[in-house]
Amino acid sequence: MFATPVKLQSAADTISTLSSRLTSSTLLEDRRAAILGLRSFAKDYPASVASEALRGLIGCLSKDGEDVDTVKLVLETLLMLFNPNENSPEASEQIALWLADEFTQRQDNITLLLNFLDANDFYPRLYALQLLSAILALRTERTESCIFTAPLGISRLVAILDDQRDPIRNEGLSLLTYLTPNSADLQKLVAFENAFDRIFHIIRLEGSLREGGRVVEDCLILLANLLRLNVSNQSYFREDGSVPKLASLLNDAIVDEGVGEDAEWAKVQKNRNIYALLAVIRLFLVTGGQGTHANQTSFWRHGVLVQVLQLAFNRSTEMQIKAEALTTCADLICGNQSIQEAFAQLQVTSVLDEPLVDGNDSPHPNGIPKVYVIDGLLDLTLSVPLVAAFDSRLAACECIKAYFFNHAGIRKHFLRRAIEGHASGADETANVLTTLLQPIDAQASGDPYRYWFAAVILFHLIFENSVAKNLAMSVAEGDSSNGEEVVTCIQTITANLVIGVQKNADERVLIAYLMLLCGWLFEDPDAVNDFLGEGSNLHSLVQAVVQNSGDGIIVPGLCAILLGIVYEFSTKDSPVPRATIHPILVSQLGRDQYIDRLTKLRAHSMLREFEVLPQKLSSASVGGLPEVFFDKSFVEFLKDNYSRLLRAIDRDPGMEVPVIANGVQKDISREMVDSLRSQLEEKGKALEKSEEEIISYQRQLGQEQADNRRAKETAAVELSRIRNINDMLQRHHEEELNKLRAEQNKLILDHQRHLENVQVEQNKLIQDHQRQLEHVQKTAEANADRSRRRMEAEIADLQHNLSKLEADLSKVRRESPFPCLTNFI
């Protein structure tokens with residue numbers, strides 16, 4: 001006899017059987033065995049297991065939540081469903097989305113997972129956090145809502161940060177990081193669960209910024225999520241005493257810089273940690289933010305600014321970190337006048353001088369000379385020609401701009417110091433005026449940004465500030481008393497620009513000069529006249545636009561912009577009058593070419609996409625210079641005034657543009673002024689004639705006033721007579737009125753007596769009428785009663801006769817021999 005072969009069960013049938021056993025079994029051991037079986041299929045058959053057993057698995061979490069082993073198996077199975085094998089035939093992103101929907105569509109499911117965070121067991125806590133992270137990644141908004149509304153949901157998550165087991169704590173940290181970037185309400189709840197103290201505690205445990213690994217960086221990312229654009233949390237951070245902890249972290253990083261050499265991977269992570277901390281500080285310093293001023297004051301009071309400066313000027317600090325630190329310094333002082341004034345008193349290590357050397361020919365690490373911070377920033381910006389240092393130079397330039405931003409006193413002091421230094425020749429290396437006024441040398445091609453940074457700083461010093469412009473215009477070369485030609489600052493800068501264009505200097509240098517001149521001459525007729533004091537400047541700029549060779553767009557475009565500004569704000573009394581400038585522009589340059597240059601410049605990617613292009617060293621090609629050409633403020637200035645400058649060439653030379661400087665309007669049409677003056681003379685003559693006429697009229701007025709007085713006296717006598725007559729008539733009128741009143745009262749009394757008599761007679765008539773009516777009524781009732789009795793008697797007689805006739809008829813019927821005839825009758 002042969003044995004019958006056993007039929008093998010398919011995976012789908014096995015999964016279905018195990019799912020049925022999971023939902024129907026009453027014993028815990030049976031359910032656990034079913035879960036073990038399902039777990040073995042979860043990686044390779046996620047769709048089958050999810051469709052058959054997901055709700056059973058979730059139900060098992062609720063039913064067997066107190067059994068640690070069962071909960072561990074269920075959570076492992078669910079995690080496998082979210083992360084199946086890539087080569088599984090059922091693997092699909094849609095499965096994970098469906099799983100996330102199943103959890104988030106019911107609040108109880110998320111609450112169930114959060115409940116496992118209260119347990120002290122390792123795996124339920126860890127797997128619950130991982131499962132929540134997976135659901136959050138797929139259905140972010142719904143998961144945030146479920147966690148937000150769950151009882152003690154946020155409290156349980158934040159409490160995970162106190163767990164001493166690193167995997168659980170790190171998983172909780174990661175979940176909070178992904179949970180908090182967008183929801184301000186969640187950020188507030190997390191912050192008020194003492195999250196700041198817990199984050200700083202983890203950072204200290206992990207070795208602070210220098211020795212801490214990725215966990216420290218994650219802590220700082222979570223801290224950034226809680227503080228970004230959240231004024232409430234920023235205020236709580238200050239009031240909770242967390243600013244000193246921030247300062248302590250910075251101090252540890254600075255102190256550790258000289259401890260010893262770190263491994264390369266440790267340096268990278270340390271730099272990432274420091275960069276993240278600086279980014280956190282900058283979150284408090286949003287320009288124009290509601291709490292920015294209070295945040296700046298708090299950071300200054302706790303020494304954060306000083307520590308950031310030390311970090312920026314520490315020679316062992318990486319360039320990228322230096323740049324971020326200097327940018328943070330700029331944010332810390334920008335717009336806060338008290339801090340701006342105190343900032344200049346700080347000292348930093350020099351970026352130029354070498355450390356002092358002891359007797360053993362070894363440099364002292366602490367022997368680097370100290371300089372005031374503004375001098376140090378200028379040295380870094382203008383005197384460090386390394387391409388690798390570009391980002392830190394740019395950040396130092398931003399820090400200098402922030403130092404005098406919106407502070408007229410500091411701006412004037414800074415410019416005056418630059419003028420005095422240039423005049424004395426004492427600080428040629430780090431003086432913006434000296435840098436710009438000296439001839440362009442061969443070093444410009446190696447470090448064009450020295451001129452660019454100097455021009456940007458001077459641009460911000462004088463832009464839209466007539467006092468600063470006038471102060472800068474006072475700088476001149478040459479002594480007229482000794483017969484030397486006096487060359488002004490604007491003329492020297494223009495001469496350097498023209499020479500640079502002729503020698504085909506680096507484009508960045510030419511753009512720097514052009515940006516400065518455009519900002520200086522705009523809405524300043526005095527500066528325009530200074531520029532036109534050298535007649536060849538105008539023709540040189542026209543040639544730079546017309547004869548430009550190659551594909552250059554920016555420099556010719558900016559030269560055309562500068563020509564438009566010169567013409568727009570020139571006057572009739574300029575060294576080269578408006579009436580002369582306009583034909584030069586139209587004939588030598590041409591209106592079409594002028595508009596074409598401006599249009600191409602405006603459409604250039606460096607201007608059009610300035611906000612999205614990286615203004616950093618990263619924009620440089622291999623071995624080349626950074627692709628940074630414009631200053632942000634100049635780009636905004638150019639875009640705001642582009643339309644006006646485009647139409648400038650079409651303005652009539654006879655019309656001058658009115659300019660308001662320091663509340664005083666300058667320059668209008670000179671023809672209009674001459675016309676107004678002639679009109680004023682005519683009005684003056686007319687005024688004199690009017691005054692003579694007034695004197696004549698005054699004499700006539702005196703005579704008329706005398707005649708008027710006599711007439712008044714005559715009128716007063718006549719008025720007195722009329723008043724007497726009026727009084728007499730009034731008395732007579734009152735007597736007649738009293739007589740009429742007496743007669744009226746008599747008539748009223750007679751009328752009242754007559755009315756009373758009439759009422760008495762009327763009452764009598766009414767009584768007689770009532771008596772007659774009663775008599776008639778009684779008579780009618782009696783007649784009606786007699787008629788009724790007579791009618792009743794007649795009816796009784798008729799009824800009697802009818803009865804008698806019916807009796808007779810009955811008798812006849814009975815006695816008749818003809819029944820048929822009887823029936824007929």
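# A walk through the helices, salt bridges and hollows

In helix α28, the buried residues are Cys489, Ile490, Gln491, Thr492, Ile493, Thr494, Asn496, Leu497, Val498 and Gly500. The model is a predicted one. α28 runs over residues 489–502. Ten of its 14 residues are buried, so the rest of the structure largely encloses this helix. Buried here means a relative accessible area under 20%.

The length of α28 can be checked. At 1.5 Å a residue, its 14 residues should span 20 Å. The C-alpha atoms at its ends are 20 Å apart, which agrees. Just after α28, the backbone of Asn504 takes a positive phi of about 55 degrees.

Helix α7 offers a second case. It covers residues 122–138. Its 17 residues should span 24 Å at 1.5 Å a residue, and its end C-alpha atoms lie 25 Å apart, which agrees. α7 is mostly covered, with twelve of the 17 residues buried. Pro124 and Arg125 are among them. So are Leu126, Tyr127, Ala128 and Leu129. Further along α7, Leu131, Leu132, Ser133, Ala134, Ile135 and Leu136 are buried too.

What do the buried residues of α7 pack against? They meet helices on either side of α7 in the numbering: α4 (68–82), α5 (93–104) and α6 (107–115), then α8 (140–149), α9 (153–159) and α10 (166–179).

Next come the charged side chains. Side chains of opposite charge can pair when their charged atoms come close. The structure holds 40 salt bridges. One of them joins Arg282 to Asp331, with the closest N and O atoms 2.8 Å apart. Arg282 sits in helix α16 (residues 264–283) and Asp331 in helix α19 (residues 319–333), so the pair ties together parts that are 49 residues apart in sequence. Are the two partners buried or exposed? Arg282 counts as partly exposed, at 31% relative accessibility. Asp331 is buried, with a relative accessible area of 16%.

Other salt bridges stay within one helix. Helix α37 spans residues 670–815. In α37, Arg771 and Asp768 are three residues apart, about one turn of the helix. Their side chains meet in a salt bridge, 2.0 Å from N to O. Asp768 has a relative accessible area of 32%, so it is partly exposed.

α37 also holds Asp785 and Arg788. Three residues, about one turn of the helix, separate them. Their closest N and O atoms are 2.4 Å apart in a salt bridge. Both partners can be placed by accessibility. Asp785 counts as partly exposed at 26%. Arg788 counts as partly exposed at 44%.

Salt bridges also link up into a network. Arg214, Glu217, Asp218 and Arg272 are joined in this way.

Now turn to a strand. Thr349 lies in strand β1, which covers residues 347–349. Thr349 has 18% relative accessibility, so it counts as buried. Where does its side chain find a polar partner? The backbone oxygen of Phe313 lies 2.8 Å from a polar atom of the Thr349 side chain. Phe313 also appears among the contacts of Thr349 beyond its neighbours within four places in sequence. The others are Ile368, Pro369 and Lys370.

The tour ends with the empty space. The largest pocket has a volume of about 1400 Å³. Its lining counts 39 residues. Which of them lie nearest its centre? They are Thr327, Glu398, Lys401, Asp631 and Lys632.

Several helices build this lining. α16, α19, α22 (390–404), α26 (449–462) and α36 (632–647) each supply at least two residues. α22 gives the largest share, seven residues. Two of these helices have already appeared: α16 holds Arg282 and α19 holds Asp331.

There is also an enclosed space. The structure holds one cavity of 30 Å³ or more. About 60 Å³ of space lies in the largest cavity. Its lining includes Pro385, Leu386, Val387, Phe390 and Arg393. Gly446, Asp447 and Tyr449 line it as well, together with Leu625 and Pro626.

Key. Residues are numbered from 1 along each chain as its sequence is written. This is a predicted model: local features need pLDDT of at least 70, side-chain atom pairs count only at pLDDT 80 or more; totals for chains, interfaces and linings use all residues. Side-chain values use heavy atoms; hydrogens and water are left out. A salt bridge is a side-chain nitrogen of Lys or Arg within 4 Å of a carboxyl oxygen of Asp or Glu. Helices (H or I, at least four residues) and strands (E, at least two) are DSSP runs, numbered from the N terminus. Buried means under 20% relative accessible area, exposed over 50%, partly exposed in between (1.4 Å probe, protein chains only). The expected span of a helix is 1.5 Å times one less than its number of residues. A polar contact is a pair of N or O atoms within 3.5 Å; within protein, one must be able to donate a hydrogen and the other to accept it, and residues adjacent in sequence count only if both atoms are side-chain atoms. Contact means heavy atoms within 4.5 Å. On a 1 Å grid over the protein atoms alone, a cavity is a set of points where a 1.4 Å probe fits but cannot get out, and a pocket is an open set with protein on both sides within 12 Å along at least five of seven lines; lining residues have an atom within 4 Å of a point. Grid points are joined across faces, edges and corners, and a volume is the space filled by probe spheres set on the points.
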